[in-house]
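Dear colleague,

I am passing on the structure below, and after it I describe what was found. Please keep it open while you read.

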Amino acid sequence: IDRYVIRSLIGEGGFGLVYLADQVDPIKREVAIKLIKPGMDSKAVLARFDSERQALALMDHSGIAKILDGGVADDGRPFFVMEYVRGISITSFCDENRLVIRDRLELFMEVCRAVRHAHSKGVIHRDLKPTNILAGFDGASAVVKIIDFGIAKALNQQLTAATLVTDAGHLIGTPEYMSPEQAQHNALEVPCIVFVFSD
């Protein structure tokens, strides 16, 4: 794809595939590329994909995966390029490394700071769950990254020129991690919780 050489499939969602790839020009680095699945390029899916790209472009926080590039593959499917995050789900990371409660809470605070940043940009993730929060080590320090803004909602602006409509009766997100408002199938807005920290 363009200046990128695909190495392996590292993730799959309802509409997209995520690959580990090497950027070869103008600089060399490992990246992650998200591409719409073949045959899933309906107007609704393309609109959500475009919305996710724009949501990521609005944010600049160490706890949120950064978007680096975007374009259209040779077969006409859109893609975007993100920083490659070396990590596993936050719950698996905590368990595998036998983190004590204090260390787990420190990681959770980092997640809260990243969510606060997204909210400050008017972006609500709407699918926060352990598999969308990756954790790993950066040297000796544990770090987190929030990924997959595929069903994010913007409060203050439109993320795409296309119309995004959620069909009545269809849940968007992962039921076991939804807020009650999101799971109720009605017009209630998903709450935006404001986190306040004191140092």
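How far apart are the end C-alpha atoms of helix 1 (residues 43–58), and what should its 16 residues span at 1.5 Å a residue? The expected span (1.5 Å times one less than the number of residues) is 22 Å, and the end C-alpha atoms are 23 Å apart, which agrees. Helices (H or I, at least four residues) and strands (E, at least two) are DSSP runs, numbered from the N terminus.

This is a predicted model, in which local features need pLDDT of at least 70, side-chain atom pairs count only at pLDDT 80 or more, and totals for chains, interfaces and linings use all residues. Residues are numbered from 1 along each chain as its sequence is written, and side-chain values use heavy atoms, with hydrogens and water left out.

Among the residues of helix 1 that are buried are Val45, Phe49, Glu52 and Leu56, where buried means under 20% relative accessible area, exposed over 50%, and partly exposed in between (1.4 Å probe, protein chains only). The cover over the buried residues of this helix includes strand 3, strand 4 (67–72), strand 5 (78–83) and strand 7 (123–124).

Lysine 34 lies in strand 3 (residues 29–36) and is buried, because its relative accessible area is 12%. Leaving aside residues up to four places away in sequence, lysine 34 touches residues including Phe49, Glu52 and Asp148, contact being heavy atoms within 4.5 Å.

Leucine 105, by comparison, is located in helix 3 (residues 101–120) and is partly exposed, because its relative accessible area is 49%.

With kind regards
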